[in-house]
Amino acid sequence: MREIHVVESLVPNDVLGASRQKALDFSRANEAYVKYRTSASGRTKLVFEALKSVNNPKSIHGLYPYRGKISALDARQVLSQLPSSLTLLDPFCGSGTILHEGQKLGMDVIGVDNNPIAYSLSQAKLEQKSREDYIAEVTTLLQAAKWSLEKNCVPAMPEGPARHFHEQSANEVMSVSLFREQMSAYVKGCYYGAIALTARGCNHYRWTSSSVGKNIEPKQYISFYEKLEEKVKKHYAANCGQPTGRVILGDARQLSQLVEPGSVDVVFTSPPYFDALDYTAYYGKIIYEIHEENRLEIKEGLIQRFADYSANMERVLEEINRVTRQDALIIFVVGDKKAKDGTIDGGQFFASLREKQPAYIVERVYSGSQSQIFDTLNRTRRKEQIVVWDKSIGF
Ligand SMILES: C[S@@+](CC[C@H](N)C(=O)[O-])C[C@H]1O[C@@H](n2cnc3c(N)ncnc32)[C@H](O)[C@@H]1O
């Protein structure tokens, strides 16, 4: 028994004309439906409004431009409908948006990701020291880095990433890199974010999400030291004071070896897309190359090829079944995929991976992002489906 609801359409008037009004009317009716009807288990259905605003870049979620980041506001609207006493798992936690928002509400959160940068960013967003502690840390760190540079004990940046930076900015990055292992999680997250920002700045801030790495000459000097200090001050977010959540660097296909079976109340995640994004590329590539880490090996441990996507996701869902309680909710935020012979509906695709149908699927057409302009030009509309399984009915 599957129902699809178009909750709201934010596509502007000039794009859809009269059909926009229809979509809105339909969505309002459905919104009411979603709000006031309960699912077969007697639980109130979750409401998924389409939000215009994505993230506040000054918040902790602006720490680093992680690809495929879910909107923090979106994460919060879902989490705030759930009891705060639960154990929440995000098996593809990326930069930790859902984890941070869950922890802020007092939940016991567990994140898993097999990409070391994602792991560090998630840890950064869960750590709970005071602002003063972090400012003191970065002050000492910068003193030590500057001293090392003056004394000429800083290695040169490897050639690959060095071509993205002004020489002096690169030297500053390398002087701080000497202390990476001693950094607190939050300062390390800021350090990665400052590398991305400095690389972009050295290229006159002309890199967009699709042109990261484009060579723009001459390189502009950007003070990495200033960017790092600014980031530490700007993104600090006081958390809730609850015990710190847990992040695991590991493979979601082996969840039951990482998380205690039967221990999770809610799984809430945005999984890797069918084959679209390489989470180790772009700024991640620069960071991995600076630290001489084997990016391709890391990439191999991630799910991203279309050919084995279905088998991999089936495995992950089975592992989720093992680590969740009998009455757990499992919420997947997914999307359409364009294929040779039409579009694959993300909601239907995920529903087909389990024997039991999801309790409900909510579909949203959304816009307001830069990609919406491209969608309009390409006559496409971005669709997102939120698939909710309720294990008390079946999974
Ligand atoms: C859409 S992103 C999640 C973004 C996240 N919600 C955020 O706000 O940053 C999907 C994540 O899945 C991770 N991933 C891909 N394959 C994985 C695997 N086999 N095990 C664990 N994580 C994996 C990627 O590294 C990526 O961070």
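## Ligand shell

In this predicted model, 23 residues surround the ligand. Gly68, Phe92, Gly94, Thr97 and Asn115 are the closest. Two elements give two or more residues to the shell: helix 4 (97-104) and strand 3 (108-113).

By class, the shell around the ligand holds 12 nonpolar residues, seven polar ones and four charged ones.

## Helix 5

Is helix 5 (residues 116-126) enclosed or open? Of its 11 residues, 10 are buried, so helix 5 is largely enclosed by the rest of the structure. The buried residues are Ile117, Ala118, Tyr119, Ser120, Leu121, Ser122, Gln123, Ala124, Lys125 and Leu126.

These buried residues pack against several elements. Helix 4 and strand 3 are among them, and both also give two or more residues to the shell around the ligand. The other partners of helix 5 are helix 9, strand 4 (246-249) and helix 12 (283-290).

## Helix 8 against helix 9

Helix 9 (185-202) also packs with helix 8 (residues 167-177). The angle between the two is about 170 degrees. Their axes lie 11 Å apart. An angle over 145 degrees counts as roughly antiparallel, so helix 8 and helix 9 are roughly antiparallel to each other.

Which residues make the contact? Helix 8 supplies Ser169, Val173 and Val176. Helix 9 supplies Tyr191, Ile195, Thr198 and Cys202. Five of the contact residues are nonpolar and two are polar. No charged residue takes part.

## Backbone exceptions

Most residues other than glycine have a negative phi, and most peptide bonds are trans. Three sites in this chain call for a look at the backbone.

The first topic is the loop between helix 9 and helix 10 (224-234). Pro218 has its place in this loop. The peptide bond from Glu217 to Pro218 is cis, with omega near -10 degrees. His204 lies in the loop between helix 9 and helix 10 as well. His204 is not a glycine, yet its phi is positive, at about 60 degrees. Is His204 buried or partly exposed? With 13 C-beta neighbours inside 10 Å, His204 counts as partly exposed.

Asn152 sits in the loop between helix 6 (131-150) and helix 7 (159-162). Asn152 too has a positive phi of about 60 degrees without being a glycine. Asn152 is exposed, because 6 other C-beta atoms lie within 10 Å and the cut-off for exposed is 12 or fewer.

## The chain as a whole

The chain has 395 residues, and 43% of them are buried. Its secondary structure comes to 16 helices and 10 strands. Contacts between residues at least 6 apart in sequence often span a long stretch of chain: 74% of them join residues at least 24 apart.

## Confidence

The average pLDDT of the chain is 87. A score of at least 70 is reached by 84% of the residues.

Where does pLDDT stay under 50? Residues 1-37 form one such stretch, and the model has 58 contacts beyond four places in sequence for them. Residues 369-375 also stay under 50, with seven contacts beyond four places in sequence.

Technical notes
Residues are numbered from 1 along each chain as its sequence is written. This is a predicted model: local features need pLDDT of at least 70, side-chain atom pairs count only at pLDDT 80 or more; totals for chains, interfaces and linings use all residues. Helices (H or I, at least four residues) and strands (E, at least two) are DSSP runs, numbered from the N terminus. A residue is buried if 20 or more other C-beta atoms lie within 10 Å of its own, exposed if 12 or fewer, and partly exposed in between; C-beta atoms are placed from the backbone. A residue is near a molecule or strand if its C-beta atom, placed from the backbone, lies within 6 Å of it. Ala, Val, Leu, Ile, Met, Phe, Trp, Tyr, Cys and Pro count as nonpolar, Asp, Glu, Lys and Arg as charged, and the others, Gly among them, as polar. Two residues are in contact if their C-beta atoms, placed from the backbone, lie within 7 Å. Axes are lines fitted to C-alpha atoms, for helices over the stretch in contact, and angles run from 0 to 180 degrees between N-to-C directions. Angles under 35 degrees count as roughly parallel, over 145 as roughly antiparallel, 65 to 115 as roughly perpendicular and the rest as oblique. pLDDT is the predictor's confidence in each residue, from 0 to 100.
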